[in-house]
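Thanks for coming. I'll keep this short and go through one strand and its partners, then two backbone angles.

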Amino acid sequence: MTDNRTVRVTVRGSFDNLTAEQQAELLAAGPEHADILAVRYTADGHLTYDLAARPFFTFRFAEEVAQEKDIPQVTARSEAKAAAWMTERGYGFKRLTSQTVDMSEVPLGPRGRRLQG
């Protein structure tokens, strides 16, 4: 028997060699990507950045897997999705890194224990 696991992957990187036009485009769209309170993990990835402050971006992905052994593939897919999004738009990027969390392994805090029990 297997229980589905929710896996969250945070992929970070930095913009690289953007043209003036690309920078203007990203800055214009910036307000919809800069709200840290609106951050969410999605299957397609949620992008946040604040190009006016720093050249970094973050994608947040979520996926369900049946087995723990599937988690590395989720990480690889998330990195590939982030790279594809950047490449499809012609944005240069570098230094992609990722952090993966299996939410079934995250301990419940006091509030979670009260709600569970």
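**A strand and two odd angles**

Let me start with a pair of residues: Tyr-49 stands opposite Phe-57, and Phe-57 belongs to strand E3. Keep in mind that this is a predicted model.

Tyr-49 lies in strand E2, which covers residues 46-49. E2 and E3 run antiparallel, with 4 bridges joining them. The connection from E2 to E3 is a hairpin of 6 residues.

E3 also pairs with strand E1, residues 5-15. Here there are 10 bridges, and the direction is again antiparallel. To give one position, Val-7 has Glu-63 of E3 as its bridge partner.

So much for the partners. How many residues of E3 are buried? The strand spans residues 56-65, and 7 of its 10 residues are buried, so E3 is mostly covered by the under 20% cut-off for relative accessible area.

Now the backbone angles. Most residues other than glycine have a negative phi. Asn-17 has a positive one, near 55°. Where is Asn-17 found? Asn-17 sits in the loop between E1 and helix H1, which is residues 20-34. Asn-17 counts as exposed because its relative accessibility is 70%, and the cut-off for exposed is over 50%.

The second case is Arg-95, a residue other than glycine whose phi is positive, near 55°. Arg-95 is found in a strand, E4, residues 93-102. Is Arg-95 buried or exposed? With a relative accessibility of 59%, Arg-95 counts as exposed.

That's the last item on my list.

Notes: Residues are numbered from 1 along each chain as its sequence is written. This is a predicted model: local features need pLDDT of at least 70, side-chain atom pairs count only at pLDDT 80 or more; totals for chains, interfaces and linings use all residues. Side-chain values use heavy atoms; hydrogens and water are left out. Buried means under 20% relative accessible area, exposed over 50%, partly exposed in between (1.4 Å probe, protein chains only). Two strands pair if DSSP finds at least two bridges between them.
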